[in-house]
Each structure stands twice: as structure tokens, then as C-alpha cells.
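Welcome, and please have your viewer open as you read. The report goes from the overall fold to the surface, the cores and the charged pairs.

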Amino acid sequence: MRKLILISVLLALCVMVYPNVGHTLGFEGFGGKIGLAMPEGDNALVFGAIGDLGSILPSLPPLKAETSLEYWGNSYDAFGMSSSTAVISIYGTAKYYFANAGIAPFAGAGLGFTIIRASWDYTQPIYGIQPKTSSSDSDIGLHIVGGVDVPIGTNMKFVAEAKYSTAYGDWFQITGGIVVKLK
């Protein structure tokens, strides 16, 4: 809870110090992505949605904001036990683009809010009891990204991205997606 309050205060201070930020941001595009998450040597499919929010500062057009919502999960059956994990993350990312037109590589960082739910079911009864256990937790963490935007026609782009996140355990992921530009 302390992290959430601290982040809210920092965001409020940033908006007060840089009042132009609110005037330049806007919903400029949306899309979807799919990829591979690799938490602690494991692999899971990632599905997500992307929201392009445009330039953060009018004096620095290559610095853009993006929001995304991602889901990944996996399950295992071994040694008389079945386990499953589901992870939902909401990210806010600032990206700096190194080119203005054509293929545009970028690097960025941001904050993410992650909710994780894990459950364990024992398929073999233990002393006549078949126990089930589940837990859920949430965390706020940092992430760094790098990748490239490739234009597809006049109002679409392909986005390839690598991300390292520190929320609720560290993981690395690689995703690719399509964003439809509205402006």
C-alpha cells in the first residue's frame, strides 16, 4: 500500500511540475500482441492489448507514452499434484524512439501493477483428504523495454518488443503485435 501511495504522489508532482503533459497525451492507437514469457526458466504464452497515448512532451516528440494489459499463465501435473498460475499485468511505459519515420527502434521503462493467482490441487488423496490450496498477491514493479516499430501501410504498425519486469518475481518476455493508429 505504501508503494501505491508513493507512486500516486510522484505522479501528481510530475503533473504539477510539467503541466504540458496533460495537454499532449491522447489516445492515438490501439492493438493487440502475443508472445512468450519466461519466468524463472519457464515458458508461457502472453496475450495482451496495447494503447498508444502519443507524445509526453510537445518539446520532445520522440518520447511517447503507452499503456498495456497482459495475461499469461501455465499449469502442471506432476507427482500427484496439479498446479496453475495466472498473471495479469497493467503497464504504463515511456518509450524513446530513435527514428521519426520508417523503421523506428525504441527503448523505454515504466511501472507495472501485477496480480498473480496460484492454485494447487492434490489429485491423490492424503489420508483420505484431497486438499486444495490457492493464493493471490499483487505487486508494483519496474520494467524496461526495447524493440522496434515497423510501419505496415499508412495507419498500422508492427511492434516487436523485449521486456524485463521486476513485479512479483522477475521475468523476461518477447512479444509482437499490431497497432492501428487513429491519428
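What pattern does the chain follow, read along the sequence?

## Overall fold

Read from start to end, the order is α-α-β-β-β-β-β-β-β-β, which comes to two helices and eight strands. Please keep in mind that this is a predicted model.

Of the chain's 183 residues, 31% count as buried. The chain exposes about 10700 Å², and carbon and sulfur atoms supply 67% of that area. If you take the contacts between residues at least 6 apart in sequence, 55% of them join residues at least 24 apart.

## A nonpolar patch on the surface

Let us start on the outside. Ile-34, Leu-45, Phe-47, Leu-69, Tyr-71, Ile-88, Ile-90, Phe-113 and Ile-115 form a nonpolar surface patch, and together they have about 790 Å² of accessible area. At least two patch residues come from each of the strands S2 (44-57), S3 (60-78), S4 (81-97) and S5 (104-122).

Ile-34 belongs to this patch and lies in strand S1, residues 29-39. Is Ile-34 buried or partly exposed? Its relative accessible area is 44%, so Ile-34 counts as partly exposed; the range for that class runs from 20% to 50%.

## Nonpolar cores

Now for the inside. The largest nonpolar core has eight residues: Ala-37, Ala-44, Val-46, Trp-72, Val-87, Tyr-91, Ile-116 and Trp-171. S2 and S4 are the elements that give two or more residues to this core. Apart from it lies another core of seven residues, among them Tyr-97, Ala-104, Val-145 and Val-159.

Tyr-91, a member of the largest core, is a good residue to select in your viewer. Leaving out residues up to four places away in sequence, Tyr-91 touches Glu-66, Thr-67, Ser-68, Glu-70, Leu-111, Gly-112, His-143, Lys-163, Ser-165 and Trp-171.

## A buried serine

Ser-89 is placed in strand S4. Why does Ser-89 count as buried? Its relative accessible area is 1%, and the cut-off for buried is under 20%.

The side chain of Ser-89 makes a polar contact of 3.1 Å with that of Thr-114. Beyond residues up to four places away in sequence, Ser-89 touches Ser-68, Leu-69, Glu-70, Phe-113, Thr-114 and Trp-171.

## Salt bridges

How many salt bridges are there? The count comes to eight. One of them joins the side chains of Lys-33 and Glu-70, at 2.6 Å from N to O. This pair links distant parts of the chain, with Lys-33 in strand S1 and Glu-70 in strand S3, 37 residues apart. Both Lys-33 and Glu-70 are buried.

Asp-52 and Lys-157 also meet through their side chains in a salt bridge, at 3.7 Å from N to O. Asp-52 lies in strand S2 and Lys-157 in strand S7 (residues 156-165), so this pair ties together parts that are 105 residues apart in sequence. Both Asp-52 and Lys-157 are buried. Lys-157 forms a salt bridge with Asp-149 as well, where the closest N and O atoms are 2.9 Å apart; Asp-149 is buried, as is Lys-157. Elsewhere in the list, salt bridges that share partners join Lys-33, Glu-66, Glu-70, Lys-95, Glu-161 and Lys-163 into one network.

Key:
Residues are numbered from 1 along each chain as its sequence is written. This is a predicted model: local features need pLDDT of at least 70, side-chain atom pairs count only at pLDDT 80 or more; totals for chains, interfaces and linings use all residues. Side-chain values use heavy atoms; hydrogens and water are left out. Patches are made of residues with over 30% relative accessible area and no salt bridge: like charges are joined within 9 Å, nonpolar side chains (Val, Leu, Ile, Met, Phe, Trp, Tyr) within 5 Å. Accessible areas come from the Shrake-Rupley method with a 1.4 Å probe; for residues, only the protein chains shown count as cover. A salt bridge is a side-chain nitrogen of Lys or Arg within 4 Å of a carboxyl oxygen of Asp or Glu. Helices (H or I, at least four residues) and strands (E, at least two) are DSSP runs, numbered from the N terminus. Buried means under 20% relative accessible area, exposed over 50%, partly exposed in between (1.4 Å probe, protein chains only). A nonpolar core is a set of buried Ala, Val, Leu, Ile, Met, Phe, Trp, Tyr and Cys residues joined through side-chain atoms within 4.5 Å. Contact means heavy atoms within 4.5 Å. A polar contact is a pair of N or O atoms within 3.5 Å; within protein, one must be able to donate a hydrogen and the other to accept it, and residues adjacent in sequence count only if both atoms are side-chain atoms.
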